[in-house]
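Here is a protein chain to get to know, one piece at a time. Take a look at it first, and then we'll walk through it together.

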Amino acid sequence: MASSKDYLDFVLEQLDELEGISFRPMMGEYVLYCGGKVVGGVYDDRLLLKPTPGALRLLEEAGLPAERELPYEGAKPLLLADVDRRELLCRMVETVAAELPLPKKKRT
């Protein structure tokens, strides 16, 4: 099942206080970027984030489970983000981006 543009718009609205948020449509889903780094994506109308140590720590501090789900068959499990907790969501996206390396330059 593909994700709806309405759900993506809701996620982007929840993250509107962050700078550098962008997305790219990919096979009916959406890859989410923060500062040029892939932090997760919208899959089947679920926001899934990379499970970095900092993101896991934020969930633990908030007393929330670190639910992991597959974005698609054969993929690594990602963290299911609670899009209704705006402040925590923004902190998680920032934390995931901060912990990821910069993307490698493409050869030309």
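## A walk through the fold

Let's start with one residue: Leu 70 is partly exposed, with a relative accessible area of 46%. Partly exposed sits in between buried, which is under 20% relative accessible area, and exposed, which is over 50% (1.4 Å probe, protein chains only). Such areas come from the Shrake-Rupley method with a 1.4 Å probe, and for residues, only the protein chains shown count as cover.

Before going on, a word on what you're looking at: this is a predicted model, where local features need pLDDT of at least 70, side-chain atom pairs count only at pLDDT 80 or more, and totals for chains, interfaces and linings use all residues. Residues are numbered from 1 along each chain as its sequence is written, and side-chain values use heavy atoms, with hydrogens and water left out.

Back to Leu 70, which lies in the loop between S5 and S6. What is Leu 70 in contact with, leaving aside its neighbours within four places in sequence? The list is Arg 46, Leu 48, Ala 75, Lys 76 and Pro 77, where contact means heavy atoms within 4.5 Å. Leu 48 is 22 residues away from Leu 70 along the chain, yet their C-alpha atoms are separated by 8.5 Å.

Now zoom out. The protein chain has three helices and six strands, and along the sequence they come in the pattern α-β-β-β-β-α-β-β-α. Helices (H or I, at least four residues) and strands (E, at least two) are DSSP runs, numbered from the N terminus. The radius of gyration of the protein chain is 13 Å, close to the 13 Å that the globule rule gives for 108 residues, so the chain is as compact as a globular protein of that length. That radius is taken over C-alpha atoms, and the globule rule is 2.2 Å times the number of residues to the power 0.38. Buried residues make up 39% of the 108 residues. Among contacts with a separation of 6 or more, 58% link residues 24 or more positions apart.

Next, the sheet. Six strands form an open sheet in the order S1-S2-S3-S4-S6-S5, with antiparallel pairing. The edges are S1 (21-26) and S5 (68-69), each pairing on one side only. Two strands count as a pair if DSSP finds at least two bridges between them. Strands of a sheet pair through backbone hydrogen bonds, either parallel or antiparallel. S1 and S2 (residues 29-34) run antiparallel and are joined by six bridges, and Ser 22 stands opposite Tyr 33 in S2.

S1 and S2 also form a hairpin with two residues between them, and Met 27 in that turn has a positive phi of about 50°. Here are Met 27 and some other residues with positive phi:

| Residue | Place | Phi |
|---|---|---|
| Met 27 | turn of the S1 and S2 hairpin | about 50° |
| Asp 44 | loop between S3 and S4 | about 50° |
| Asp 45 | loop between S3 and S4 | near 55° |
| Gly 63 | following H2 | near 70° |

Neither aspartate is buried or exposed: Asp 44 is partly exposed, with a relative accessible area of 26%, and Asp 45 is partly exposed too, at 27%.

Which side of H2 (53-61) is buried? In H2, Gly 54, Ala 55, Leu 58 and Leu 59 are buried. Seen down the axis of H2, these buried residues fall within an arc of 140°, so they line one face of the helix. The arc is that of the directions from the helix axis to the C-beta atoms. The buried residues of H2 pack against strand S6 (78-80) and H3, while the face turned away carries the exposed residues Pro 53, Glu 60 and Glu 61.Finally, the core. The largest nonpolar core has 26 residues, and Leu 15, Val 39, Leu 47, Leu 49, Leu 89, Met 92 and Val 93 touch the most other members. A nonpolar core is a set of buried Ala, Val, Leu, Ile, Met, Phe, Trp, Tyr and Cys residues joined through side-chain atoms within 4.5 Å. H1, S2, S3, S4, H2 and H3 each supply at least two residues of this core, and H3 gives the most, with seven residues. Leaving aside its neighbours within four places in sequence, Leu 49 is in contact with Val 39, Gly 40, Leu 78, Leu 79, Ala 81, Leu 89, Met 92 and Val 93.
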